[in-house]
Amino acid sequence: RRLSPPVAGGGGGDDARGGGEAARASRAGTEAEAEIRPGDLRRTGPILGQIASTGLLPGGAALTDEDAANAHADVFGSDPPKVARRNGRIAALEGEIRRLPPDERRDLERALRHSPLLCSSGVHARLIIDDDNFDPRVAARRLAKYWEQRFQMFGGRAFSDGVLTEPTFYDYLRYYGKCSEISRDPDADADKKRIAAEYVRCVHRTKIAALDRIVESASPNDKAAFLEAHARCPEVAASDEAKLDFLRCEDFVEAKAAERMMTYWKARKTFFGPEIFHRRIRLRDMEAHILDLRHFRFLQLMQEPDGHGRAVIGVFYSSLIGEGWTEESVAKYCFYIMEAAFERETCRLNGVVLLDNHRQSTDNSLQKIKRYRKIVRAVITSYTPVRVRALHIFLRPGSWWQHLAARLVNSVGGSFFFSRAVIHADSDEENVSLLEGQFNIPRCLIPAELGGSATCDDWDSWVEARMGNDL
């Protein structure tokens, strides 16, 4: 699905599910990063297909190449090496095209006006880019010559609709991501930055308008909570930025974004009540026992983003075993932590990473908190506009852990999380070394229980500061 109509002189395309706002396919990977492959469950990262290939899960669902690349970008924060190399070649080709004499590139520019994503989606451009002997200068001249000869043979029909290769949904996502990054880059060429920014604004206008139309046509019951919040607190519910959060979360598919947004406000009203659901939630809105710092840690938001700009959240389900917690209080707490993370622009653009501590988990303990885990899953995966880029699950080393790992990942929710789950069952030092070296999550953002240096005292200080500032 296109993210917007082509912009005059600028092209068509759109966002991605990875790394930055759309950086899944625009960030450069390194040759040192592991390709997604079956095998070592603990270290390769994304594991959809890997668990299935070991017989731990039924079905054996497989990822498409695009989905596998997107999962890699989400988990590692950069493209797989092959995709990164291809993107680098595309950028080099585009740069050399701009350096060609105007009369030499005239017909190629006409083709680019008809299909701005020609260099990434065109069949002939792909053949040139994938050539083992790729040279950007030679490639630019070859592509220009091809379009010159094509125009000589067919005239205007060379650029007619249906002749040029139609870009895929992922092509548009990557193009939007590229434009979004250029528009925010202080060192970008002024003209490129202006064109990119205008394209991003066009996509935003188009998609927000489409989302509004879907909400308008929704059933009264589905949109009632949103409309009430819209009327009572428009700066929170009705702002374009808030709508963009939901659109980004759903790769700018407006139908999914509208559904998530209306579900979000309906859930907020259910858990927080009609008096306060429409406004910003504060700590003082939590139930009294949650504010007891001894309980206030089953989700721990780290105070800084990781190396890819993603919020890092430690998950300690064992804290829910015992007295005091209810499904309502768990939901309220989860909403609060996710929305605290969303106060950071880097989180809204780049998503979150979960560090899920199950070192003490057993079948019995998981059964006790099953209903709470369902609530957490719903808030994170269905209600809030949060994109979980990676799910790191920590288990005790041992021969039994694969069975539990399969159950844990299966309970999180669908193939999207299967492909973004990383199992850690080594020593603290080995796990931390892997997180720092391969996933760009520094030790200071890893809870002490998992071998890092983020302590309960750090968390208590953060909570107390927010209480003092009425946040």
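Buried here means under 20% relative accessible area, exposed means over 50%, and partly exposed lies in between, with a 1.4 Å probe and protein chains only. By that definition Phe252, at 0% relative accessibility, counts as buried.

The model is predicted, and residues are numbered from 1 along each chain as its sequence is written. Local features need pLDDT of at least 70, side-chain atom pairs count only at pLDDT 80 or more, totals for chains, interfaces and linings use all residues, and side-chain values use heavy atoms, with hydrogens and water left out.

## Overall composition

The protein has 471 residues, of which 54% count as buried. Its secondary structure comes to 21 helices and five strands. Helices (H or I, at least four residues) and strands (E, at least two) are DSSP runs, numbered from the N terminus. A contact means heavy atoms within 4.5 Å. Among contacts in the protein with a separation of 6 or more, 75% are between residues 24 or more positions apart.

A disulfide is a pair of cysteine sulfur atoms within 2.5 Å, and by this rule the count is zero. Two of the cysteines are Cys119, buried at 3% relative accessibility, and Cys233, buried with a relative accessible area of 7%.

## Three helices and their spans

The expected span of a helix is 1.5 Å times one less than its number of residues. The table sets this beside the distance between the end C-alpha atoms.

| Helix | Residues | Number of residues | Expected span | End-to-end C-alpha distance |
|---|---|---|---|---|
| H2 | 65-76 | twelve | 16 Å | 16 Å |
| H8 | 169-184 | 16 | 22 Å | 23 Å |
| H14 | 327-341 | 15 | 21 Å | 21 Å |

Nine of the twelve residues of H2 are buried, so this helix is largely enclosed by the rest of the structure. The buried residues of H2 are Ala68, Ala69, Asn70, Ala71, His72, Ala73, Asp74, Val75 and Phe76. Just after H2, Gly77 takes a positive phi of about 80°.

H14 is also described by its burial: 13 of its 15 residues are buried, so H14 is largely enclosed by the rest of the structure.

In H8 the buried residues are Asp171, Tyr172, Leu173, Arg174, Tyr175, Tyr176, Gly177, Cys179, Ser180, Ile182 and Ser183. What covers them includes H2, helix H5 (118-121), helix H6 (123-129) and helix H9 (190-217).

## Two helix crossings

Axes are lines fitted to C-alpha atoms, for helices over the stretch in contact, and angles run from 0 to 180 degrees between N-to-C directions.

Helix H3 (residues 81-99) and helix H7 (residues 136-154) have axes that come within 8 Å and cross at roughly 65°. The crossing of H3 with H7 is right-handed; a crossing is right-handed if the near helix is turned clockwise from the far one by less than a right angle, and left-handed if anticlockwise. On the H3 side the contact is made by Ala92, Leu93, Glu96 and Ile97, which meet Pro136, Arg137, Ala139, Ala140 and Leu143 in H7. These residues of the contact of H3 with H7 divide into seven nonpolar, no polar and two charged. For this purpose Ala, Val, Leu, Ile, Met, Phe, Trp, Tyr, Cys and Pro count as nonpolar, Asp, Glu, Lys and Arg as charged, and the others, Gly among them, as polar.

The axes of helix H13 (residues 254-272) and helix H17 (residues 370-383) come within 9 Å and cross at roughly 145°. Arg260, Thr263, Tyr264, Ala267 and Phe271 in H13 meet Ile375, Ile380, Thr381, Ser382 and Tyr383 in H17. By class, the contact of H13 with H17 has six nonpolar, three polar and one charged residues.

## Backbone and the region of H20

Most residues other than glycine have a negative phi. Phe252 is not a glycine, yet has a positive phi of about 65°. This buried residue sits in the loop between helix H12 (240-249) and H13.

Asn440, also not a glycine, has a positive phi of about 60°. Asn440 lies in the loop between H20 and helix H21 (456-468) and is partly exposed, with a relative accessible area of 33%.

Val432 belongs to helix H20 (residues 428-439) and is buried, with a relative accessible area of 0%. Leaving aside neighbours within four places in sequence, Val432 is in contact with Arg443, Ile446, Leu450, Gly451 and Gly452. Val432 and Gly452 are 20 residues apart in sequence, with their C-alpha atoms 6.8 Å apart in space.
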